[in-house]
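I opened this entry to look up one pocket and two threonines. My notes follow the display.

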Amino acid sequence: MEEAILNREKKNFDFVNTIRCISMMGIVWEHSASLWGVKYSNSGDTALQIASMQFFKFATIVFFLIGGFLINHKFTEYTASQYIKRRFSSTVKPWLFWIMVLVIANVIQKWIVYHKGGTETFLDHPFAYFIEQFRYILFESSFWFILNFLICITLLLLFKKYLYKIWFGLVLLFISLIYSANLYFEWFVTRHSIALFGFVFYLWLGVYFNRYYEPVLTWINKISWWKMLAMNMFTFVLACVEIWMLMERGSHDEYNTLRISNIAYSLTMFMLLLKFGNIKIIDKYLTPRKSTFGIYLIHQILIIRLLPEIFKGRPWIAQELSVYQNIGYSLLRFLIVYLISLLVTKALQNTKWKWLIGN
């Protein structure tokens with residue numbers, strides 16, 4: 001019996017590694033892409049832009065699914081305070097460290113500009129500037145999703161006696177769909193930092209999936225490949241169409257992760273990746289179990305501070321590039337950010353500084 005349990009955990013672990021690695025690639029692609037905010041007059045160019053940006057939009061929701069899957073058993077072992085305390089060393093400490101690295105890097109950049117004759121006035125109120133940078137990075141950058149993730153976990157722990165109740169999941173789904181509807185009705189601001197409770201459902205769904213892993217996996221494996229791919233393509237097209245519709249409505253958040261079509265696309269992508277199963281070459285060379293969190297923490301710093309230094313000058317102005325050039329430019333930016341983040345993470349893995357990447 002013990003051997004069977006260990007084998008099941010190993011199988012789950014392998015499939016999780018592959019999915020979170022691919023999802024992390026998608027997150028880095030999305031954040032490093034140069035296609036954001038570019039307007040094309042040609043509808044064909046716009047369609048290609050939308051498809052390029054939508055392809056990896058499943059990544060955030062899938063990460064919450066995987067997060068719930070991994071922590072399912074922890075919910076029955078710890079109270080909210082106990083679990084957050086255990087999370088501090090592995091998650092909160094490195095998260096705060098890299099936030100401070102980015103804040104300090106921004107301050108240094110401003111100081112250099114100032115001493116080169118720039119018009120920066122931040123030295124008149126350096127402490128206020130420091131605080132504002134910390135606030136901005138915490139709430140407006142990708143670092144926000146770590147705090148969001150911890151809040152979601154805490155909420156599930158607080159209501160853990162209802163954790164496996166379908167009605168509880170439906171309540172969380174309803175809350176998520178409010179954010180989907182808000183993209184059209186604009187009851188409140190649509191920024192990702194406002195979607196505080198919009199992702200709790202996907203964490204819960206991951207927990208629920210872990211509990212019923214075997215029957216769910218059996219059901220997915222019964223679906224033929226062509227049906228799975230057709231379903232995935234259909235939801236992808238729907239997601240692209242919804243982006244276009246939101247653009248036509250003048251939305252400023254047309255790529256929002258919580259679009260209802262993107263939710264459907266993310267779930268079908270999760271099913272497709274689960275059907276693929278473990279990809280051994282990913283485990284061997286990219287070591288996602290050890291490197292994923294480190295890549296997430298480091299990549300935003302490289303995007304904000306390194307890429308502008310590399311791509312200076314007029315040839316790299318995204319608004320002046322064709323859609324094909326921008327896709328190539330985005331790919332180049334992605335490769336630089338992902339590979340450097342991976343190399344830095346791997347360099348820290350076997351040192352006393354491994355806590356900086358959550359290991």
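For the pocket entry I took a pocket to be an open set of grid points with protein on both sides within 12 Å along at least five of seven lines, and lining residues to be those with an atom within 4 Å of a point. I worked on a predicted model.

Entry on the pocket. I looked up the second largest pocket and noted a volume of about 230 Å³. I listed its lining as L65, L205, Y208, F209, V216, W219, I220, L267, F270, M271 and L274. The elements that give two or more residues to this lining are α8 (200–211), α9 (213–222) and α11 (260–276). I recorded α11 as the source of the largest share, with 4 residues. By class, I counted 11 nonpolar residues in the lining, no polar ones and no charged ones.

Entry on T18. I located T18 in helix α1, which spans residues 2–32. Is T18 buried or exposed? I entered T18 as buried, because its relative accessible area is 1%, and the cut-off for buried is under 20%. Setting aside neighbours within four places in sequence, I found T18 in contact with G277, N278, I279 and I282.

Entry on T345. I placed T345 in helix α14, residues 323–349. Its relative accessibility is 0%, so I entered T345 as buried. Which residues does T345 touch, not counting those up to four places away in sequence? I noted K290, S291, G294, I295, I298 and I357.

Note on methods: Residues numbered from 1 in each chain as written. Predicted model: local features only at pLDDT ≥ 70, side-chain atom pairs only at ≥ 80, totals over all residues. Heavy atoms only, no water. 1 Å grid on protein atoms, 1.4 Å probe; cavity = no way out; pocket = protein on both sides within 12 Å on 5 of 7 lines; lining within 4 Å. Points joined across faces, edges and corners; volume = space filled by probe spheres on them. Nonpolar A, V, L, I, M, F, W, Y, C, P; charged D, E, K, R; others polar. Buried < 20%, exposed > 50% of the residue type's maximum accessible area, 1.4 Å probe, protein only. Contact = heavy atoms within 4.5 Å.
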